[in-house]
Amino acid sequence: MRAMPTPRATKTSTPRRFAVVGAGLAGISCARTLREAGHEVTLLEQSGTVGGRMTSRQSTFGSFDAGAQYFTVRDTRFQQALDTAPQSFRPWSANAVRVLDPLGRVAEASLPKPERHWVGTPSMDALPREWAEPLKAGGRVEFDTQVERIETDALDPKRWQLRTSGAGDALRVHPGFDAVLLAIPAPQAAALLERSRLAPAFVQKLRAVDIAPCWTLMLAFPQAVQPGLPHLGPQWNAALSTHHRIAWLARESSKPQRGAVERWTVQASPAWSTEHLGDDEQRVEAKLLKAFAEVTGIRARPNHTEVRRWRHAKTLAPLGQSHLWDAHIGLGACGDWCLGHRVENAFVSGLELALAAA
Ligand SMILES: Cc1cc2nc3c(=O)[nH]c(=O)nc-3n(C[C@H](O)[C@H](O)[C@H](O)COP(=O)(O)OP(=O)(O)OC[C@H]3O[C@@H](n4cnc5c(N)ncnc54)[C@H](O)[C@@H]3O)c2cc1C
């Protein structure tokens with residue numbers, strides 16, 4: 001496994017102990033960079049897997065990219081890191097992303113600024129999985145571990161300890177960290193610092209970040225796989241939509257290495273998701289299914305439906321700087337929300353925080 005390029009993180013002569021909270025792409029790029037600089041790093045993740053919002057859902061009919069749909073590459077450091085994991089992603093020829101009018105008619109045949117779209121293979125979580133491998137192999141990833149509180153270490157007041165909950169509500173204390181780096185969405189980082197009665201200046205900045213929720217609907221139509229009838233509905237595979245309920249649709253089965261069964265992922269708009277954040281799943285499913293039929297013309301009943309509520313999905317107002325870091329107290333924060341709402345923003349933010357803290 002090749003090392004990630006770490007432009008300024010030279011090997012340190014005084015290794016320190018870092019806790020990185022959150023195993024999304026920001027946390028992984030941060031943890032790997034620190035580890036490659038010679039530090040001891042523990043990555044703590046509340047769920048049972050890595051990838052965060054680059055997650056994939058498995059179904060009887062194939063996988064769905066439930067969060068990020070594709071990624072683009074503008075930063076050379078991200079490109080260099082991608083070059084270390086060439087098997088984990090492929091270009092996605094979405095036969096051009098369409099822009100639809102509110103009735104589902106194609107208003108633009110491509111995006112105003114077309115860019116190459118890349119997707120993880122065989123599913124979107126392949127890239128974070130690959131990059132997390134050295135951390136997992138070194139036994140440095142704690143899954144099912146939700147950080148509840150950051151406290152002064154009971155035995156060494158110059159260090160931090162983390163109070164966590166886990167599977168079966170097991171409460172644990174993880175002591176002895178020189179620094180704690182939060183790679184979690186800004187509202188969750190703010191809440192954690194508030195619970196810990198720490199860093200009010202950070203909390204103020206984190207509270208100014210605005211991240212919209214996103215209701216996501218996943219649909220499978222196995223009945224569409226028939227000779228001479230390759231797929232249902234429109235000829236395009238992905239579209240930005242201006243329908244009042246739907247902002248994005250993609251034919252999952254058009255992505256490389258995803259299997260042939262016709263599957264769609266539908267993302268509700270930030271405004272609609274915010275308005276319906278508290279609705280129950282059945283109600284959301286019914287409303288989004290109706291909108292999906294209006295936009296695509298597909299009125300067949302799906303054999304598989306699943307909805308997912310993302311409480312913190314897309315950054316509307318970012319922090320405006322790559323990370324937060326206070327060297328004096330050994331606290332930092334990173335995530336896509338520092339710079340924007342894209343996978344690449346998460347990678348760059350995690351990298352920049354690690355370079356600052358190393
Ligand atoms: C529906 C949707 C569609 C998207 N589409 C695209 C797209 O097409 N292109 C694109 O580039 N980007 C897209 N994105 C954004 C992209 O997914 C994110 O930019 C990126 O994955 C964010 O990575 P991150 O590491 O900053 O945060 P996350 O991936 O959110 O990682 C944070 C991690 O922290 C964990 N965590 C949170 N709190 C705690 C705690 N207290 N203790 C322990 N662990 C904790 C979480 O479980 C999670 O694993 C989309 C996102 C969503 C939700």
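This short talk goes through the domains, the ligand shell, two helix contacts and two sheets of one protein chain.

Please keep in mind that this is a predicted model.

I will start with the domains. The chain splits in two: domain 1 takes in 1–55, 125–209 and 318–358, and domain 2 takes in 91–123 and 211–316. Their C-alpha centres are 32 Å apart. Where the two meet, domain 1 contributes 14 residues and domain 2 contributes eight. On the domain 1 side, α3, residues 126–137, and α4, residues 186–195, each provide at least two of the touching residues. Of the elements on that side, α4 gives the most, with three residues. By class, the domain 1 side has nine nonpolar, three polar and two charged residues.

Next, the ligand. Where does it lie relative to the two domains? Domain 1 and domain 2 both give residues to the shell around the ligand, so the ligand lies between them. There are 38 residues around it, and those that come nearest are Gly-22, Gly-24, Gly-52, Arg-53 and Asp-336. Several elements supply at least two shell residues each: the helices α1 (25–36), α4 and α8 (343–357), and the strands β10 (145–152), β14 (210–221) and β18 (304–317). Counted by class, the shell holds 19 nonpolar residues, 15 polar ones and four charged ones.

Two of those shell helices, α1 and α8, also pack against each other. A helix pair of this kind is described by the angle between the axes and the distance between them. For α1 and α8 the angle is about 30° and the axes are 7 Å apart. The crossing is right-handed. From α1, the contact uses residues including Leu-25, Ala-26, Gly-27 and Ile-28. From α8, the contributors include Val-343, Ala-346, Phe-347 and Ser-349. The residues of this contact divide into 13 nonpolar and five polar, with no charged ones.

Helix α1 has another contact, with α3. Here the axes come within 10 Å and cross at roughly 35°, and the crossing is left-handed. On the α1 side the residues are Leu-25, Ile-28, Ala-31, Arg-32 and Arg-35; they meet Pro-128, Trp-131, Ala-132, Pro-134 and Leu-135 of α3. That gives eight nonpolar residues, two charged ones and no polar ones. Leu-25 and Ile-28 therefore appear in the α8 contact and in the α3 contact.

Now the sheets. One is an open sheet of six strands with mixed pairing, in the order β9-β2-β1-β13-β20-β19. Its edges are β9 (141–142) and β19 (324–326); each has a single partner strand, so one side of each is left without a neighbour in the sheet. At the β19 end, three bridges join β19 to β20, residues 331–333, and the two strands run antiparallel. In that pairing, Leu-324 has Ala-333 of β20 as its bridge partner.

Another open sheet has three strands, in the order β10-β11-β12, with antiparallel pairing. Which strands stand at its edges? They are β10 and β12 (171–177), each pairing on one side only. On average, neighbouring strands in this sheet are turned by 25° against each other, direction ignored. Five bridges link β11, residues 160–166, to β12. In β12, Arg-172 is the bridge partner of Thr-164. As noted for the ligand, β10 also supplies at least two residues of the shell.

Definitions and conventions
Residues are numbered from 1 along each chain as its sequence is written. This is a predicted model: local features need pLDDT of at least 70, side-chain atom pairs count only at pLDDT 80 or more; totals for chains, interfaces and linings use all residues. Domain bounds come from an automatic or database domain assignment. Two residues are in contact if their C-beta atoms, placed from the backbone, lie within 7 Å. Helices (H or I, at least four residues) and strands (E, at least two) are DSSP runs, numbered from the N terminus. Ala, Val, Leu, Ile, Met, Phe, Trp, Tyr, Cys and Pro count as nonpolar, Asp, Glu, Lys and Arg as charged, and the others, Gly among them, as polar. A residue is near a molecule or strand if its C-beta atom, placed from the backbone, lies within 6 Å of it. Axes are lines fitted to C-alpha atoms, for helices over the stretch in contact, and angles run from 0 to 180 degrees between N-to-C directions. A crossing is left-handed if the near helix is turned anticlockwise from the far one by less than a right angle, and right-handed if clockwise. Two strands pair if DSSP finds at least two bridges between them.
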